[in-house]
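The following exercises are to be worked through with the sequence and the coordinates at hand. Each task is followed by a solution in steps.

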Amino acid sequence: MGRYILERLIGGIITVWFIATATFFAMHAVPGDPLMNEKAATPEIRANLARQYGLDRPLAEQYLLFLSNMAKGDFGISFTQQNRRVNDIIKDHFPVSALLGVLAITIAAAGGVVWGAITALYRNRLPDIIIMSLVILCISVPSFVFAALGQLALVGLNQWFGVSVLPVAGWGTLAHMLMPALVLGLGTMALLTRLMRSSMLDVINEDYVRTAKAKGLSKTRIFTHHQLRNAILPVVTVLGPQVAAITTGGFVVEMIFAIPGLGRYFVQAVQQLDYTVIMGTTVFYGAFLVLMVIVVDILYGFIDPRVRLR
Amino acid sequence: MSLDHTNSLDFSWAQHRADRERIARPSLSYWQDAWQRLKQNKRALISLYLVLALGVFTLIGPLLWTIDPSQQDLNQISQAPALAKTAVLVEDRSSWVVPIDQNHPEVPLGYPDTLDPVGELQTEGDPTIHYVRLTWRPVVDAGGYAIYRNTSAPEGLVNLGLPLATLNGGNLVGFEDRLNLKSEPYYYSIVTTDGYDEFEAVSTIIVTPRQSIKRSEAIDRGLVSADSAEIGGEVTLSFHPFGTDYLGRDMLARLMEGARVSLFIGLVAPLIYVFIGIIYGGFAGYFGGHLDQVLMRFADFVVALPFLLFMILFKIAFGIGPGENGIFPMLLALILLLWPATARLVRGQVLQIREQGYIEAARLLGASPSYIIFRHILPNTVGVILVTLTFAVPSAIFTEAFLSFIGMGVAPPTPSWGSMCNEGVKTMLSHPHELFFPALFISITVLAFNLLGDGLSEALDSKMRARG
């Protein structure tokens with residue numbers, strides 16, 4: 001197990017290096033240069049700024065400098081907000097995104113497992129048909145439409161009650177987080193419901209289920225101890241990649257609900273061409289996602305011992 | 001024993017029949033069989049028709065609905081879907097002069113303590129959205145009048161609304177409102193003043209202006225011919241079955257134009273990257289060994305790139321020049337990031353098929369590797385590839401919509417369904433149709449391709465085939 005984790009971590013570090021390299025060269029392929037804005041009024045100021053950011057050195061040297069800074073965990077200083085380090089930006093805004101993401105994935109996973117199990121148990125009957133139609137709807141409607149509708153629903157709710165039951169936008173309390181997390185988790189929940197349904201249907205007629213029935217176990221016990229536990233495994237595997245979908249899907253939700261998360265900050269940085277922030281956040285997100293996939297894989301090894309043997 | 005007795009026996013000689021070996025049912029190729037099974041799947045069939053309908057909408061629609069998607073109909077901005085509306089023709093420039101009551105003094109003679117509200121407040125001529133003309137009877141001792149307009153009913157002197165004008169002269173008995181009128185009820189209130197201060201004397205009238213259009217504009221647009229254009233006459237405005245957007249552009253025409261952009265990206269990007277994936281995965285799988293290791297390692301790296309971040313990053317890296325619509329950079333970014341998924345899938349398939357007997361046989365007969373790959377291996381993976389392609393279309397459409405929504409996609413004024421949603425979401429409370437229609441089209445397209453993909457994967461699945 002230790003060797004397996006070590007191998008995965010080394011592979012992860014190489015992947016992060018690849019992400020950093022791709023980011024660096026993609027950003028340097030951008031037409032124009034970062035100092036094209038109004039701050040660089042005269043050639044002298046331009047030259048000074050270029051030196052300050054190390055832009056006057058050869059590309060190879062810049063690349064090595066970038067890599068060594070990255071290895072030290074230093075992402076540099078923002079281009080548009082002088083005196084603000086990219087590390088501080090990430091430190092300030094990532095926890096918000098992470099909290100929203102965790103909440104969303106919790107809602108999605110819990111909902112997906114429950115709905116999926118229900119549809120499998122009531123296969124081809126009314127609950128199954130209703131839930132699966134909703135699932136198809138959730139997969140087909142873009143997340144930003146759900147975000148807009150969610151906000152609209154909050155406005156309607158508050159109007160109906162005459163008081164502010166749930167805040168429409170902003171961040172701070174759990175009440176602020178509920179609707180954005182629900183909207184963010186909806187797509188993933190639909191996907192997990194589908195997956196859970198099919199894996200539950202595979203499990204539902206297994207021999208050990210029949211044996212358990214023959215032994216006289218109660219229906220609920222068969223469900224919780226024999227069917228659910230085995231059916232849940234494939235759901236855990238896709239959780240890793242789904243974390244990626246949720247964190248990046250957070251952009252739109254953060255924009256619409258005015259949540260001060262890293263996703264919104266990234267979109268802002270892209271619009272302002274804030275190079276260091278773009279590079280820093282991309283590499284940071286990349287590393288985070290690689291780590292999440294590894295963590296989920298290792299967790300999977302604990303849940304399903306058969307994987308560890310391989 | 002003689003053969004003559006044959007007829008009396010229980011058995012008879014079989015007649016020689018030419019069709020003895022005939023196969024009772026027509027033989028079905030793989031594709032015929034798959035097609036038959038697809039036809040039985042009602043959901044898949046409906047989605048196939050939906051996809052075809054979308055194709056017709058995109059390709060033939062603009063031939064039938066020839067309205068220019070960038071033309072602005074300024075008379076009908078943010079118009080909800082409705083039947084064609086009529087409008088009154090009005091003169092190009094209002095030639096109305098404020099009426100003056102000659103029998104009434106301009107300045108009051110003394111300083112009045114109280115003043116009466118104006119009487120006989122009425123509109124002159126038809127009120128239209130180009131002008132509302134009010135006249136009234138002057139008030140004794142009044143030194144002027146203040147005119148207010150509101151969209152809700154005022155209560156006495158409270159909630160009078162927008163102050164439009166203050167007339168300084170007790171003999172001025174009319175006012176023409178040309179300020180940003182819409183075809184909805186307005187409450188006009190006239191407060192009597194002594195020339196300096198407003199008194200507690202107000203008259204209110206409800207006016208609903210009619211939709212109107214300037215004569216020269218109507219002739220320019222071809223709504224009416226120059227000879228028959230009479231002031232006060234009625235013309236039929238351009239018809240917008242799906243309404244108009246915030247710049248007065250026809251939604252249906254824009255949806256068709258947007259469909260071209262969205263479906264072009266949604267279809268072409270998957271076609272190209274699936275093709276690249278097939279070649280890449282096919283060779284990696286067929287040759288195996290170190291080549292496979294290296295190629296797949298690289299594919300793994302590309303898969304690990306955070307997709308949306310790199311979509312945005314590549315989009316800026318490729319840049320959009322002035323006057324370009326940004327479709328090509330998006331296409332390129334999609335292709336660069338998404339080919340590895342197909343490559344992995346095809347490689348897995350090839351690894352399985354490679355071990356089959358008929359490949360061995362082909363190799364023994366001296367077939368070249370490329371012949372084996374293109375003639376024997378790839379045709380056997382077509383089913384899986386087709387299913388991947390069907391599922392790739394909705395995800396490409398989603399990506400396009402998402403990027404255009406956050407303003408990183410197709411550059412305006414080129415419409416795409418995503419950018420139309422982006423514009424629509426800003427006015428979603430007051431004009432929901434601007435968000436509803438593009439969102440509906442995205443959803444229907446994605447739904448149709450998803451269901452079609454489900455149906456195809458069932459129809460092409462060889463396990464299902466064996467089950468019959």
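A nonpolar core is a set of buried Ala, Val, Leu, Ile, Met, Phe, Trp, Tyr and Cys residues joined through C-beta atoms within 7 Å. The model treated here is predicted.

**Exercise 1. The nonpolar cores**

Task: Identify which residues touch the most other members of the largest nonpolar core, and which helix gives the most to this core.

Solution. Step 1: The largest nonpolar core has 144 residues, and those that touch the most other members are Phe144(A), Ala147(A), Val252(A), Leu334(B) and Cys421(B). Step 2: Helix α5 of chain B, residues 251–287, gives the most to this core, namely 17 residues. Step 3: Taking Leu334(B) and setting aside residues up to four places away in sequence, one finds that it touches Ala269(B), Tyr273(B), Ala396(B) and Thr399(B). Step 4: There is also a second, separate core of 20 residues, which includes Leu115(B), Val118(B), Val173(B) and Ile190(B).

**Exercise 2. The contact between the chains**

Task: Describe the contact between chain A and chain B by number of residues, and the side of chain A by elements and residue classes.

Solution. Step 1: Chain A contributes 31 residues to the contact and chain B contributes 29 residues. Step 2: On the side of chain A, two or more residues come from each of α1 (2–28), α5 (126–140), α6 (143–161), α10 (233–256), α11 (262–271) and α12 (275–303). Step 3: By class, this side of chain A has 25 nonpolar residues, six polar and no charged. Step 4: As for confidence in the complex, the predictor gives an ipTM of 0.80 and a pTM of 0.77.

**Exercise 3. Two helices of chain A**

Task: Establish whether α11(A) is enclosed or open, and whether Ile303(A) is buried or exposed.

Solution. Step 1: The buried residues of α11(A) are Leu262(A), Gly263(A), Arg264(A), Tyr265(A), Phe266(A), Ala269(A) and Val270(A). Step 2: Because seven of its ten residues are buried, α11(A) is largely enclosed by the rest of the structure. Step 3: Just after α11(A), Leu273(A) has a positive phi of about 50°. Step 4: Ile303(A) belongs to helix α12 of chain A. Step 5: Ile303(A) has 12 C-beta neighbours inside 10 Å, so it counts as exposed. Step 6: Beyond its neighbours within four places in sequence, Ile303(A) is in contact with Leu233(A) and Val236(A).

**Exercise 4. The overall form of chain B**

Task: Decide whether chain B is spread out or compact when set against the globule rule.

Solution. Step 1: Chain B contains 13 helices and ten strands. Step 2: Its radius of gyration is 37 Å, well over the 23 Å that the globule rule gives for 468 residues, so chain B is more spread out than a compact globule. Step 3: Along the principal axes, the C-alpha atoms of chain B fill a box of roughly 145 × 70 × 45 Å. Step 4: Of the 468 residues in chain B, 36% are buried.

**Exercise 5. A hairpin and the confidence in chain B**

Task: State how many bridges join β7(B) to β8(B), and where in chain B pLDDT stays under 50.

Solution. Step 1: Strands β7 (residues 186–193) and β8 (residues 198–207) of chain B run antiparallel and are joined by seven bridges. Step 2: Ser189(B) stands opposite Thr204(B) of β8(B). Step 3: Four residues lie between the strands of this hairpin, in which Gly195(B) takes a positive phi near 105°. Step 4: Chain B has a mean pLDDT of 82, with 95% of its residues at 70 or more. Step 5: Over residues 464–468 of chain B, pLDDT stays under 50, and the model has two contacts for them beyond four places in sequence.

Key:
Residues are numbered from 1 along each chain as its sequence is written. Chains are lettered from A and ligands numbered from 1 in the order in which they are written. This is a predicted model: local features need pLDDT of at least 70, side-chain atom pairs count only at pLDDT 80 or more; totals for chains, interfaces and linings use all residues. Two residues are in contact if their C-beta atoms, placed from the backbone, lie within 7 Å. Ala, Val, Leu, Ile, Met, Phe, Trp, Tyr, Cys and Pro count as nonpolar, Asp, Glu, Lys and Arg as charged, and the others, Gly among them, as polar. The radius of gyration is taken over C-alpha atoms; the globule rule is 2.2 Å times the number of residues to the power 0.38. Two strands pair if DSSP finds at least two bridges between them. pLDDT is the predictor's confidence in each residue, from 0 to 100.
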